[in-house]
Amino acid sequence: MNRRPDPRQTAARPELAPRVRRFSAAERWAHRATAVLMGVCVVTAAFLYLPALAELIGRRALVVTVHQWAGIALPVPVLAALGSRALRADLTLLNRFGPHDRRWLRAALHRDKRRSSRPAHKFNAGQKIYAAWAAGATLVMLGTGLMMWFTHLTPLTWRTGATFVHDWLALTLGVVLAGHIGMAMGDPEARRGMRTGSVAREWAEREHPLWLRERKSSR
Amino acid sequence: MNSESPQGRGAPVGRRVFLGTLGLGALGIVAAPALQRGTEAVLSGDPTGLTGLLPNGGGFRYYSVTSSVPHKDAKNYQLTVDGLVDRPASYTLADLRALPQTRMVRDVQCVTGWRVPGTPFEGVRLSHLLDAAGVRSTAGAVHFTCFDGAYTESLTLEQARRADVLVALRMQDKDIGHSHGGPVRLYVAPMYFYKSAKWLSGITVTQDVEPGFWEERGYDIDAWVGRSNGRDDEPTT
């Protein structure tokens, strides 16, 4: 039989709880809403861009409108969730790179998969770079999209450039998003963390040891 | 956070990556003309056709404004000519094929930016059909309808009578297929390709220009390539 810690005891001593809080409700909803909007953008883009899909569905004016509004709305969930202290704290963690992040990146570059050479706090260095790049790329897509939408705002050469950047960045973003989703598919506990807000202690110990250690020592 | 914490300090690399991405995006807009020439040069040498899926891979793109378009062929296709004319008419595909054919080779320029060089179109001059119908003196424009049930286009009578405006039956020296707007589409050589309405089914002579589908959504009615829609592409004629 599994020996579960007594709930009364773990309430008093959270370091013994089997599950560790990872994401607040505001963060999870911001992630969910962003994912849905991004999904709408990607799917409508595919129907506008890929000839086989365009022939399948047509309705170009409608698809364009849905794509535009989903794109405009894309930053809204995260901006709204900036009111949450948990999200702001996580943004700080995502921003700052320590010596362990350099070790993690070096190991990633050398395809060194040993846990010991990939130290990570709440977010590993790969997740940090993904977050920063995805945020920047989303805003570039939004800016270039607006230039293509409101054609009178900018001169033609800018618009042609915006189309070029929007097309190629869309392709890049698609590949990177596929990587993001692929890694989540390969890690059910990470997905559970984003779905329920908490993760198994063993998982945190394995994937984010510096984070767990700090949680213990700061109590 | 205690003093041994590896977080809360350290370089703000995230911010640098974020701002760097924004900067690269802006740089990309400025450097696009040079980059585009580079990608086009690389992609044009591809024999597999896979690069057609990449941006600026060349070739036509399929645009339709409706969910589905009925298929028409020699058995059920009809083109009507009516409005301010003395002799309204209806043509089958065989009727149109029996009329004098004109072949032209020009570039196709879409208002969204893609261009297909040297594309042959072949068909009946629109002016021929208008003359056969006998346009009345009060007429000033021509309105086009399509059997997709939604798309419309318009030309002034003067534009419609140009020698480089065809009721096209063939494109790239093949009968026009369904996805390219077949069996019959309009071909307005000097204008952006949205004027070349696909799945043409009706020609109505009117007094004044009635804006077409995209024109009601902000596109220019007089869509000369290089002189409209805020674009400066090289003219196609």
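Let's start with burial: a residue is buried when its relative accessible area is under 20%, exposed when over 50%, and partly exposed in between (1.4 Å probe, protein chains only). By that yardstick Lys128(A), at 1% relative accessibility, counts as buried, and so does Asp101(A) at 0%.

A word on ground rules. This is a predicted model, where local features need pLDDT of at least 70, side-chain atom pairs count only at pLDDT 80 or more, and totals for chains, interfaces and linings use all residues. Residues are numbered from 1 along each chain as its sequence is written, chains are lettered from A in the order in which they are written, and side-chain values use heavy atoms, without hydrogens and water.

**Salt bridges in chain A**

A salt bridge here is a side-chain nitrogen of Lys or Arg within 4 Å of a carboxyl oxygen of Asp or Glu. The count over all chains is 19, and the table has some from chain A.

| Pair | Closest N to O |
|---|---|
| Lys128(A) and Asp101(A) | 2.7 Å |
| Arg115(A) and Glu207(A) | 3.2 Å |
| Arg206(A) and Glu207(A) | 3.8 Å |

Lys128(A) and Asp101(A) pair up at 2.7 Å. They link distant parts of the chain, helix 8 and helix 7 of chain A, 27 residues apart. (Helices are DSSP runs of H or I, at least four residues, and strands are runs of E, at least two, numbered from the N terminus.) As for Glu207(A), one partner is Arg206(A), which is partly exposed at 42% relative accessibility.

**Helix 7 of chain A**

Asp101(A) has buried company in helix 7 (residues 99–109): His100(A), Trp104(A) and Ala107(A). Seen down the axis, the buried residues fall within an arc of 125°, so they line one face of the helix; the arc is taken from the directions from the helix axis to the C-beta atoms. They pack against helix 8 (125–149) and helix 12 (209–217) of chain A, contact being heavy atoms within 4.5 Å. Over on the other side, Pro99(A) and Leu109(A) are exposed.

**A lone acid in chain B**

Where does Asp148(B) sit? Its place is the loop between strand 5 (141–146) and strand 6 (152–156) of chain B. Asp148(B) is buried yet has no salt bridge, and the nearest side chain of opposite charge, Lys198(B), is 8.3 Å away. Polar atoms of the Asp148(B) side chain do lie 2.9 Å from the backbone nitrogen of Ala150(B) and 3.0 Å from that of Tyr151(B). Beyond its neighbours within four places in sequence, Asp148(B) is in contact with residues including Val65(B), Pro70(B) and Trp199(B).

Conventions
Lys and Arg count as positive and Asp and Glu as negative; His and the chain ends are not counted. A polar contact is a pair of N or O atoms within 3.5 Å; within protein, one must be able to donate a hydrogen and the other to accept it, and residues adjacent in sequence count only if both atoms are side-chain atoms.
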